[in-house]
Amino acid sequence: MKLWITRPMTAEVEARARRDFDVESRESTLPLTPDEMRRALNDFDVVVPTLGDLFSAEVFAAVPNPRCRLLANFGVGYNHIDVQAAQSAGIRVTNTPGAVTDATADIAMTLILMTARRAGEGERLVRSGGWQGWHPTQMLGTHVTGKTVGIVGMGRIGQAIARRCHFGFGMDVAYVARSEKSLEFPATRADTLENLAGQVDFLVVAVPGGPETQHLINAPILSAMQPTAMLINIARGEVVDEMALIAALENGDIAGAGLDVYEFEPRVPDRLIQLENVSLLPHLGTATEEVRSSMGHMALDNVAAFVAGQDLPNPVN
Ligand code: NAP
């Protein structure tokens, strides 16, 4: 069984992969090129791909009899893989749910606090040497404690964010999801996304990416938000219409945004960078040593189960 891991992993994950499998580890930190994706399907039995590796229907069509039988994705989000096309090609896909939940919820809280309390702007001021000292009306932000958060997509990460907002910050929680949730904290389910957008101080996006949710947050949703409200996106960039978001920010239709993900990553529009009321992180959701190791172990657990002919722990097709 030949395994290809398409990015450098943490030391402990690399060590386990070398110990347990006949593995080739790719050194580049960039997404696979189309040639490399064809190589992945042609030359390996199992591949560990990740965000940015665009296994589209065309890629599967270009390799009619693939050697590859499993794409053990590193990450919970797998919208870069056409899962149906993989299925038709006889290739299973797995992901790494759960391992990412708390770290990503923590980044959502970081962005809520950074944006509301103008932390990025304040840090830039100190570093610029232009800070003239404390005064009662210096850099007034928005209070977070006791406000209302709206969660778009009350899944694992959405619930972890809501829990932090409720128990940590005494916030009211409202949400939209496709199905009713039974939650261990009070939360109101809004009937539409538009109504949710209109009633909250922070609208936090936590749905998966993909065709179903593309531009779910569009101009009408942004204009339904209060001018004092802020948008936080830790999900996938394509869920938010970035041009509509920039227009809403420039026009003052909303008060700010905190973004971990971008529509055309890693490209971040200059117009967004120019705005002081926006907090911009480079897709840090799961970026801790512990979590990246857990994700790697989870991906390798799926590989190991596949090799042993056992049920896959985290199948998505
Ligand atoms: P999850 O448990 O599957 O939760 C997704 C939630 O979204 C579910 O509650 C689902 O509703 C809801 N949903 C799906 N489509 C919807 C729609 N059209 N309208 C409203 N709600 C919808 O997934 P998760 O583990 O929380 O992860 C969510 C996403 O976060 C991942 O797919 C990934 O793209 C992203 N993520 C980002 C980072 C980062 O680094 N920034 C890290 C990890 C994950 P139902 O429950 O009713 O099905």
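Is Trp134 buried or exposed? In this predicted model, Trp134 is exposed, because its relative accessible area is 70%, and a residue counts as exposed when that value is over 50%. The points below start from this residue on the surface and then turn to the nonpolar cores, the aromatic pairs and one buried asparagine.

**Surface patch**
- Trp134 is found in the loop that runs between helix H6 (119-128) and strand E6 (148-152).
- Together with Val126 and Trp131, Trp134 makes a nonpolar patch on the surface, with an area of about 420 Å².

**Nonpolar cores**
- In soluble globular proteins, nonpolar side chains tend to be buried together.
- Here the largest nonpolar core has 49 residues, and within this core Ile151 and Ile161 are the residues with the most contacts.
- Helix H5 (residues 101-116) supplies the largest share of this core, namely 8 residues.
- When residues up to four places away in sequence are not counted, Ile161 touches Ala105, Ala108, Met109, Ile151, Val204, Ala206 and Ile234.
- There is also a second core, separate from the one just described, which has 32 residues, including Ile217, Val240, Leu249 and Val278.

**Aromatic pairs**
- The structure contains 3 aromatic pairs, and two of them are described here, beginning with the one formed by Trp4 and Phe44.
- The rings of Trp4 and Phe44 are stacked, at 5.0 Å centre to centre and with 10 degrees between the planes.
- This pair links distant parts of the chain, since Trp4 belongs to strand E1 (residues 2-5), whereas Phe44 sits in the loop between helix H2 (34-43) and strand E3 (46-48), and the two are 40 residues apart.
- Trp4 and Phe44 are both buried.
- The rings of Phe55 and Phe60 have centres 6.1 Å apart and planes at 35 degrees, so this pair is tilted, a term for angles that are neither under 30 degrees nor over 60.
- Phe55 and Phe60 are likewise both buried.

**A buried asparagine**
- Asn314 lies in the segment that comes after helix H12 (289-307).
- With a relative accessible area of 13%, Asn314 is classed as buried, because the limit for that class is under 20%.
- Apart from its neighbours within four places in sequence, Asn314 is in contact with Val93, Thr94, Asn95, Pro97, Met298 and Asn302.

Terms used:
Residues are numbered from 1 along each chain as its sequence is written. This is a predicted model: local features need pLDDT of at least 70, side-chain atom pairs count only at pLDDT 80 or more; totals for chains, interfaces and linings use all residues. Side-chain values use heavy atoms; hydrogens and water are left out. A nonpolar core is a set of buried Ala, Val, Leu, Ile, Met, Phe, Trp, Tyr and Cys residues joined through side-chain atoms within 4.5 Å. Buried means under 20% relative accessible area, exposed over 50%, partly exposed in between (1.4 Å probe, protein chains only). Helices (H or I, at least four residues) and strands (E, at least two) are DSSP runs, numbered from the N terminus. Contact means heavy atoms within 4.5 Å. Patches are made of residues with over 30% relative accessible area and no salt bridge: like charges are joined within 9 Å, nonpolar side chains (Val, Leu, Ile, Met, Phe, Trp, Tyr) within 5 Å. Accessible areas come from the Shrake-Rupley method with a 1.4 Å probe; for residues, only the protein chains shown count as cover. A salt bridge is a side-chain nitrogen of Lys or Arg within 4 Å of a carboxyl oxygen of Asp or Glu. Rings of Phe, Tyr and Trp (its six-membered ring) pair if their centres lie within 6.5 Å; planes under 30 degrees apart count as stacked, over 60 as edge-to-face and the rest as tilted.
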